[in-house]
Every structure is written in structure tokens, then in C-alpha cells.
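The report that follows is meant to be read with the model open beside it. It takes up aromatic rings, charged side chains and a few individual positions in turn.

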Amino acid sequence: MNLLSVDNLEKSYGEKVLFSQVTFGVDEGDKIGLIGVNGTGKSTFLKVVAGVEVADSGKITAGSSVQIEYLPQNPEFDASATVLEQVFKGHSPVVQVLRDYEQALTAVQNHPEDDFHQKRLITLTQQMDAQNAWQLESDAKTILTKLGITDFTAIVSTLSGGQRKRVALASALINPADLLILDEPTNQIDNDTVAWLEQYLAKRKGALLMITHDRYFLDRVTNRIIELDRGRLYTYAGNYSKFLESKAEREEQQESSERKRQNILRNELAWIRRGAQARSTKQKARIERFEQLSAQTPEIGNGQLEISVGASRLGRKIIELEHIGQAFGGKVLIDDFSYIVLKDDRMGIVGPNGSGKSTLLNMIAGRLTPDNGQVEIGQTVKIGYFSQESSEMNQDLRVIEYIKEEAHFLPTADGGTISAAQMLERFLFSPSLQWTPIAKLSGGEKRRLFLLRILMSAPNILLLDEPTNDLDVQTLTILEDYLDDFPGAVIVVSHDRYFLDRIVDKIFAFEGNGTITQYSGNYSDYQDKINVIESENGDKGKGAIDKKPVVQERPKERPRKLSFKEQREYEQIEAVIAGVEYELAQVATAINTAGSNFELLQQLTGRQQELENQLNELLDRWTYLNELVEELGN
């Protein structure tokens, strides 16, 4: 059954055409992901489909009984409302009854002797029965709890920005709707909540249209992808993985068509240059065909974000965290945490919202002094900090002026230089867009510009705080490629599971009460280990699961010389081994002093086993590298 049809939709802002001649439909059961480069008009497109904005031309047709629920990227709130009142802001009859019931219940609690409120509550209770609204109220509280909101009477104005976004998400999910439209629903929620939302939307019966940069989310939830590209809309059947295959085929066909057009143009141009006169109808038609071919705009070559900037030299001492601790408002965020950052570290930091992840980044960056312990930063360290907020951007500056404030030229990885204007073009800022005031950019374009400003400073340590928020998939893909070859350490806080899997090789997890635990591997490896631990804790009577240490296989044929990566590993591995041995000694001391605290002993012995496995792997690798160095020396 068709829920909504869009026919020849067009929308422009000034001279910029966001989309043109867009036609598509939404059927029951459709779960559609909308993707495209930042600034192409994705959010505007959702607003037009949701009826929040009006298109310049075209028509949107929805069934008379079709209910549409829309969650904007920046929702509006009633500052004086409670959480539940904000959730029940919808216009359907059942939500209206729920809202009135919650207000009447509050009135009775505040004025128990008032007969008017008592009678009104009785009437609304009967209406709740008639509308079968009790289940909806229960669902609302369940969803809020899953999203990390447990105080249903809290005033919205007292909540953080992330909490308010989750309240708005709960409102969109709870309101009955045939078509749910979501703009970046995964922003500002932690990894566990994203996983829950993914499962919830995959099972939900109604249709879905959403924008998200989370590629795992797109892969596991959607059955259609629509792409907004240079004003045109392309539709692909299947999830994100299938979209990548189909788009590659489309672009290959476009390239083939463009090559064919260029060949015809060359032939026709040669014919005209030979002096052929338009004396016959056939000759006139041929000239007209040449003019038409010349006027066509090729659909390929829309620009590819390329990053090849250099980085400053990094000395032996990087960043050392020594027994740091931090608390806010009586809550311990970080308790006695130590770590030595290595040159080629790829660290992912995960944990619930408000657990202290950004606080740890701020201490590493030197922006925040810890309550306890100290942070030592090497003299050659140059930190590039890509924070969640880019509020320090001067909105009055033009794009190119903002970049030139940092640098006019930048050394590249191959030893050359590149100008600010050239870097902007690589970041998909056309020459005309470079003279646009920052205030007129979209949210995603501002984030991309902020990222470029960070890289223009040629840092050798990158701190990335939720880098995937508001960045489009194309930008993320190229950023990941860049980070593969970045010669310094990368420390990232992110809820994007795909990004963490792609980039990091160790996870630091905030596990409550200020505890930060290190896990080797990427996010999926970490999640597997957590699942094993939870399985062990839930299956005490059946014995522990046998965990085998992962031993790195030696290559069958040794190279004739150490690679650059092996040379760096050889120089640093003894320090890494010393660090693991030091932590093992601390754990052993803690076990001896734990007494009869069974829960603590269980945690400590588990950590001891992980460290021993890690140490065995390191010693095997150390032996291999030393044998290789001796062999090469001989």
C-alpha cells in the first residue's frame, strides 16, 4: 500500500538548487535511508516531505488517514514542560488523552482534597480505558528508560542538550505514525542506546525515512537507499552494502556515457572545422546535435574529498597520564587512571553519556587540570582537537578567510605544498562557496570546514570527539583513509561502531565509578569480550568459558629489511611490555588486599588473565623482532 507519493519536487535557496524533478514513493514496510554530501539539502528534503517547509514546485500526496511523525535535527522544546509532558506533545486523540491524564494526575497529587481534580481524573481514566492508552503510557516510560531518561517528572529546561534530544526521539517513537521521519536520530546517544534503537526500528512495523551517517545502522535497518546528488535523487533497492555496489555500477555507466559523448563531440567538432556549410536539413540537424551535446553537463566528477596533508615531527615523549582523577558534583568520573600514549596509538574511548569521555580528552589536550595526578605532554607534541562543538568559529568570516587564519599554505605528505584554496576544493568547497560567510553554511559544511582547519595546523596528535556527528558518509570514508596513514597518535571518542571498527586497535571503556578498562582490538572485538563476560556472569554454575590467548602468527617468509612500522614497533615494544608488567604488578597487589570481596576479586582475576595473555603476545612479538634484527645484522 502506498503511503506517500512525491511528484516533481523542486526546492532552491537563492541561486542554489537543492533538488529538482524529484519523484518517488513510500510504501508500507519501506525503511529508507537518505544519504548525500553535506550541504546538498538532505534536511530540507525531509522538512518538505514532512510538511514543515513548502517546496517551490511539485506535489506531495499522502493518504487521508496516513499519520506522519517527524524528528528534526534540532527539535524545539517547551522549557517548562516535564519529560512526560514533552513526550506526549503529539496531536493524535490517544496522545491528547495521555497528556490530559498526566496533567490531571499531577493536579490530584498536588491538591488531593479538590473534588474537581478528582472527578476529572476519573473521567480521564475512563477515556484511557476506551482509547487503550495504558499500554502507550507504559511504552513511553520503557522507551525513555532505554534512552537513559529515568526521571519522568524532570523539567526539560534542566536537561542537557543530549538528554533533550533523547526526549524528542522518545516522543517521535511513541506517537502512533504510519511514516516516521528521523533526521540524524543517532547523534548524541551512546553506543548501547544506538544498538537498542537499531533493533527497535528494524522490528517496527511502520514505514521509516531517515538521515544517518551510521553505516552499520543503515546496513541493519534499511531496505532502500535514496541518494541526493547534485540536485537529483537516485533510488537503490537494498541496504547500505547493496547501495555501494549499485552506486559503483551507476557511476561506471555514467563514465562510459561521458566517454562516448566526448568521442562524438570530437568527431563533430572536426567535421565543423573542416568548413562544412549548413546548406541542407541533414547538415543543420548535425550542427544542432553538436550544440546539444556541448550544452550537456556530465554527471560524473562531482569532486572527491582528498586529504594528503603532512604532520609535524613527533619526539620520543608523547603524552603521559599518571594516576589522574576527576570528579564533578560529587560524582567520580575518572579514578586513578594511568597510561602512556604511543606514537602510533589508535585508541577508541567508549561509555555511557556523561561518564567522562570528553573530560578525559580535555585533560589529554591540557584544557582541564585533573583533581589528582598529572598529565605530561612532550615538547614536540602538537595537538589537533576536533571537538563536538565548533561554536568558536567566527560566523562573520568567509570560508577562505577562516582557513587562512590558520595557514595560507600547508606541507603535504609527499613533500610539496598546497594552498588554502586548493585544500578547500579538496574538501568540496567550490571557488564560489569559498567566499560564502560561515553563517550561511549548513551544519555539516561547518563541521567539514572545522575539520579542515584542524588539519591545516599540521598536528601530530589527533583528538576526535564524536567526529562522525553531522559529517556525511563520503567525508567519513575519506577521513578514515587519511587516518590509516596519519603518522601520529589518534584518540577518538565515538558512538559510531563502524568508525571505531575501521580506525582503532584498542578500546578504553568507562565502566562506572571512575573505572576505565583497556581492551585490545576494535569495537566489535570489545563487544564480543563484553558478551563473553556477561555470559560467564550469568552462567556461574556451568563453569567459565575457556578463553584462548590470541597469539600473533609469524610470517612464513621474513622480509629483507624492517618495514617502517616494524622499526617503530621495535623501538617501542620494550616500553609497552614494561607498562603491561607494571599494571600486572598493580593488579596482583590489589588481589592480595581484596580480602573476601568476592565481586572485586572476580574483576581483578579477569583483568589479570587479560594482561597475562597480552604480555604473552607482546613477548612473542619481541622475540620475533629481536631475532629478525639479529638476522639482518648478520
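Rings of Phe, Tyr and Trp (its six-membered ring) are taken as a pair if their centres lie within 6.5 Å, and a pair is called stacked when the planes are under 30 degrees apart, edge-to-face when they are over 60, and tilted for the rest. In this predicted model, that rule gives a count of 13 aromatic pairs. For Tyr523 and Tyr526 the ring centres are 5.6 Å apart and the planes stand at 50°, so this pair is tilted. Both tyrosines belong to helix 17 (residues 523-537), where they are 3 residues apart, about one turn of the helix. Tyr523 is buried, its relative accessible area being 6%, and Tyr526 also counts as buried, at 13% relative accessibility. Elsewhere, Phe19, Phe24 and Phe45 make up one aromatic cluster.

As for the chain as a whole, its secondary structure comes to 19 helices and 20 strands, and buried residues make up 46% of its 634 residues. Of the contacts between residues at least 6 apart in sequence, 68% join residues that are at least 24 apart.

Aromatic rings also meet charged side chains. The charged end of Arg448 sits over the ring of Phe429, at 5.2 Å from its centre, while Arg453 lies over the face of Tyr402, 4.6 Å from the ring centre. Phe429 is, in addition, one of the residues touched by Glu445, whose contacts, apart from residues up to four places away in sequence, are Lys16, Asn38, Gly39, Phe429 and Leu433. Glu445 lies in helix 14 (residues 443-456) and is buried, with a relative accessible area of 6%.

Which side chain of opposite charge is nearest to the buried Arg346? The nearest is that of Asp484, 6.4 Å away, and Arg346 has no salt bridge. Arg346 is placed in strand 12 (residues 346-350), and its side chain reaches the backbone oxygen of Leu483 at 3.1 Å. When neighbours within four places in sequence are left aside, the residues in contact with Arg346 include Leu483, Asp484, Phe486 and Gly488, and also Ile503, Val504, Asp505 and Lys506.

Arg204 is found in the loop between helix 7 (191-203) and strand 7 (207-211), and this arginine is buried, with a relative accessible area of 15%. Not counting residues up to four places away in sequence, Arg204 touches Lys31, Ala177 and Leu180. Its C-alpha is 9.6 Å from that of Leu173, although Arg204 and Leu173 are 31 residues apart in sequence. The side-chain contacts of the two arginines with backbone oxygens are set out below.

| Side chain | Backbone oxygen reached | Distance |
|---|---|---|
| Arg346 | Leu483 | 3.1 Å |
| Arg204 | Ala177 | 2.9 Å |
| Arg204 | Ala207 | 3.3 Å |

Is Ile340 buried or exposed? Ile340 is partly exposed, since its relative accessible area is 49% and the term exposed applies over 50%. Ile340 has its place in strand 11 (residues 331-341) and, not counting residues up to four places away in sequence, touches Ile319, Glu320 and Asp345. Ile340 and Leu321 are 19 residues apart in sequence, and in space the distance between them is 6.2 Å, C-alpha to C-alpha.

How values were computed. Residues numbered from 1 in each chain as written. Predicted model: local features only at pLDDT ≥ 70, side-chain atom pairs only at ≥ 80, totals over all residues. Heavy atoms only, no water. Helix = DSSP H or I, 4+ residues; strand = E, 2+ residues; numbered from the N terminus. Buried < 20%, exposed > 50% of the residue type's maximum accessible area, 1.4 Å probe, protein only. Lys NZ or Arg CZ within 6 Å of the ring centre and 35° of its normal. Lys, Arg positive; Asp, Glu negative; His and termini not counted. Salt bridge = Lys/Arg side-chain N within 4 Å of Asp/Glu carboxyl O. Polar contact = N/O pair within 3.5 Å; in protein donor to acceptor, adjacent residues only side chain to side chain. Contact = heavy atoms within 4.5 Å.
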